[in-house]
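Colleague: I would like a close look at one part of this model, the open sheet and what is attached to it, set against the chain as a whole. Please take your time over the answer.

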Amino acid sequence: VQFVESGGGLVQPGGSLGLSCATSGIIFGLYSMAWYRQAPGKQRELVAAIGSSRITQYTDSVKGRFTISRDNAKKMLYLQMNSLQPEDTGVYYCHAVRAEDGEYRATSDAWGQGTQVTVSS
């Protein structure tokens, strides 16, 4: 299984970025997928998730600003990020997830390299 994230960069507060994740080695359409981020000195946190039925879920801090989407034919996951704030800074990862005990959890410990997002003036 491989996840390859791209699209990060440096952006000013209030700006926008679009992230992409290419996947291989999984039957993409059968899995729920998620974006995680890891801020400096903090644990990795789930930011947004999308089920195989395209039902979406967001952490409170990004609701109304981020949009997760998927293209099953291309096996691609996307994250559109608007109104970015300095606290959105971090390395963003995508991963397949499963629901366990009311939460989404990554299906394995194998992570891609992630893509760096820096929000700064």
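To start with the surface, about how much area does the chain expose, and what share of it do carbon and sulfur atoms supply? After that, please go through the open sheet of four strands and the disulfide.

Modeller: The model is a predicted one, and in it the chain exposes about 6400 Å², of which carbon and sulfur atoms supply 46%. Of the 121 residues in the chain, 41% are buried. The C-alpha atoms fill a box of roughly 40 × 30 × 25 Å when this is taken along the principal axes. The radius of gyration is 13 Å, which agrees with the value near 14 Å that a compact globule of 121 residues would have. The chain holds eleven strands and zero helices, and among contacts between residues at least 6 apart in sequence, 55% join residues that are at least 24 apart.

Turning to the sheet itself, four strands make up an open sheet in the order β1-β3-β8-β7, and their pairing is antiparallel. Strands β1 and β7 (66–71) stand at the edges, and because each has a single partner strand, one side of each is left without a neighbour in the sheet. On average, and with direction ignored, neighbouring strands of this sheet are turned by 15 degrees against each other.

The pairings can be followed strand by strand. Strand β1, residues 2–6, pairs with strand β3, residues 17–24, in the antiparallel sense over five bridges, and here V4 stands opposite A22 in β3. Strand β3 also pairs with strand β8, residues 76–81, again in the antiparallel sense, over six bridges. In that pairing A22 stands opposite M76 in β8, so that A22 can be used as a reference point when you trace the sheet, with V4 opposite it in one pairing and M76 opposite it in the other. As a general point, side chains in a regular strand alternate between the two faces of the sheet.

Strand β3 also carries one end of the disulfide, since C21 lies in β3 and C94 lies in strand β9, residues 90–100, so that the pair links distant parts of the chain, 73 residues apart. The structure holds one disulfide, and it joins C21 to C94 with an S to S distance of 1.8 Å. The link of C21 and C94 is right-handed, with 50 degrees about the S-S bond, and both C21 and C94 are buried.

A last residue to look at is S32, which lies in strand β4, residues 32–38. S32 counts as buried because its relative accessibility is 16%, and the cut-off for that class is under 20%. Leaving aside neighbours within four places in sequence, S32 is in contact with I50, G51, S52, R70, H95, A96, V97 and Y104.

Terms used:
Residues numbered from 1 in each chain as written. Predicted model: local features only at pLDDT ≥ 70, side-chain atom pairs only at ≥ 80, totals over all residues. Heavy atoms only, no water. Pairing = 2+ DSSP bridges. Helix = DSSP H or I, 4+ residues; strand = E, 2+ residues; numbered from the N terminus. Buried < 20%, exposed > 50% of the residue type's maximum accessible area, 1.4 Å probe, protein only. Contact = heavy atoms within 4.5 Å. Axes fitted to C-alpha atoms, helices over the stretch in contact; angles between N-to-C directions. Disulfide = S-S within 2.5 Å. Rg over C-alpha atoms; globule rule 2.2 N^0.38 Å. Areas by Shrake-Rupley, 256 points an atom, 1.4 Å probe, with all protein chains shown as cover.
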